[in-house]
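Look first at the place where the two chains meet, then at a sheet within one of them. The paragraphs below take these in turn.

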Amino acid sequence: MAGSAASAPIARRCLCAREAGTSHLETGLECQDAVGALEAQGRVFLALADGAGSARRASVGSSLAVASALEAARELWPTHGDPADDSAWRERLLGVLRAARSSLEERAAEPDPSDGIEDEVADRLRQLATTFLFAAVDGQRVGMIHVGDGWGVIEEADGRFSVLSAPDRSEYFNETVFLTGERYEEDARISLRDLDGAGGAVLTSDGLEMVLIDLARAEPHQPAFTGLLAFARDAATSVEDKAKRLSAFLRSERVCKKTDDDKSLVIAVFERPEKQAADVEPESA
Amino acid sequence: MHELDDLEFAVNTEPRCPCLLVLDTSSSMNGDPIRELNAGLAAFQDDINQDELARKRAEIALVTFGGTVEVAQDFVTVEGFQAPTLVANGNTPMGEAVHRGLDLLRARKDEYKANRINYYRPWMFLITDGVPTDEWKQAAADAAHAEANRELILYAIGVRSADFRVLAEFSPEREPLQLKGLSFREFFQWLSQSQKRVSSSNPGDEVQLPAPTGWGTAPTST
């Protein structure tokens, strides 16, 4: 893992990976997806952003969005406690979204001397275009806020996987909405649900949907997610080793044959309730 | 045949990049213009088929207007496209041709949706060397409205003495371009390059088309 993935704190029960797509490697572009996860005081926060291929500084935009979202979560939850109801959840998630957007606006306000191109602020903001996926899990509820494409998937108590948040596609294949759009708040979709014994959650960029999603049914590909979560749960392997192996999988020929886009994953495995009682841990991650 | 035609989406599930050419084949295109247009179409068939992804993703359809309006080629992926030899004849029913083109595009989108095929925003190229001889204002308004609704991207291209004021009404969002001389081959090469670029793009990659260098200029006549 590199870049923002390495700079974001990764908790013991979270796993992130991102790899540049072959089409980006061929043109010398770096990976424009950014990933991060944070476990704090019994809550788990996941963030993923997929920088727009058409935007010049998309990797800066996606990294900023992920870092600022997790930073906002780190402040908002301890300060205000868990949201009491749906309306408080919505406001909280919008707070994270606005923090991510502000970080992009602040960056766009500064001219970038390394760029060598003098753009207007509005254009500099466009050059940071990225999608945005953020999920928060407390002891009771899961909330997700989502702008653009990519998927949020949750593992139900019975081990099946369902969609937490689906991509917001325009009618057309290569067009979507971004955090840098004028209507980013209207474009943001919020999903809220009870935890109901859910075993884990996964965020993924659209680059992996040919591998992980049954697109005809718009449903998670069950065996693929079952395998991923089993891999993430494997206690015999260290998180670092798992992250390496996950990255190698993303670079592998069988994945690259299905997609030439950047691909990224954030996986969180929740402790089962019976296990949680026996396995209360200090928050040292 | 119809049932077998439906299988094309089962055999090829790639996202589609549809491109519709609405071509003037009226009698004023006779001689060199139609010859160059036909040569351009043949070169396009060869060039775009060199690209593995574009072969399966780019689709082309041709509507001609010369005396009557004909669907010279309904939508087909370029791997199955055989460039026709068009013949110039008759007057210029441009309005009817654009209406037919819009209908064809909408029908194709319905097929994509019914077969759960992803698709890119369609392109329509309106190419003429003349002045419409039918009622064209409603067609121009409908095309402009369709573009404003993000249904398609319309490029109007005038050849020689085309009426650019008329063409501008079809594409108010984009100034019509004038074909340099009869450089149809250069135009089709550009189209092939553009379709290759779009058909290899991923979600979020809003594609900037190459500049029309080599074939197009801003119109010199008004």
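**Where the chains meet**

Between chain A and chain B there are four salt bridges, a salt bridge being a side-chain nitrogen of Lys or Arg within 4 Å of a carboxyl oxygen of Asp or Glu. One of them joins A:Glu171 to B:Lys109, with 3.2 Å between the closest N and O atoms. On the side of chain A that touches chain B, five residues are nonpolar, five polar and six charged. (Ala, Val, Leu, Ile, Met, Phe, Trp, Tyr, Cys and Pro count as nonpolar, Asp, Glu, Lys and Arg as charged, and the others, Gly among them, as polar.)

This is a predicted model, in which local features need pLDDT of at least 70 and side-chain atom pairs count only at pLDDT 80 or more, while totals for chains, interfaces and linings use all residues. Residues are numbered from 1 along each chain as its sequence is written, chains are lettered from A and ligands numbered from 1 in the order in which they are written, and side-chain values use heavy atoms, without hydrogens and water.

The contact (heavy atoms within 4.5 Å) takes 16 residues from chain A and 21 residues from chain B.

In chain A, five strands (DSSP runs of E, at least two residues, numbered from the N terminus) form an open antiparallel sheet in the order 1-12-9-6-7. Strands pair if DSSP finds at least two bridges between them. Strand 1 (14–19) and strand 7 (161–165) of chain A are the edge strands, each pairing on one side only. Five bridges join the antiparallel strands 6 (residues 151–155) and 9 (residues 200–204) of chain A, and A:Gly152 stands opposite A:Leu203 in strand 9.

Methods:
Helices (H or I, at least four residues) and strands (E, at least two) are DSSP runs, numbered from the N terminus.
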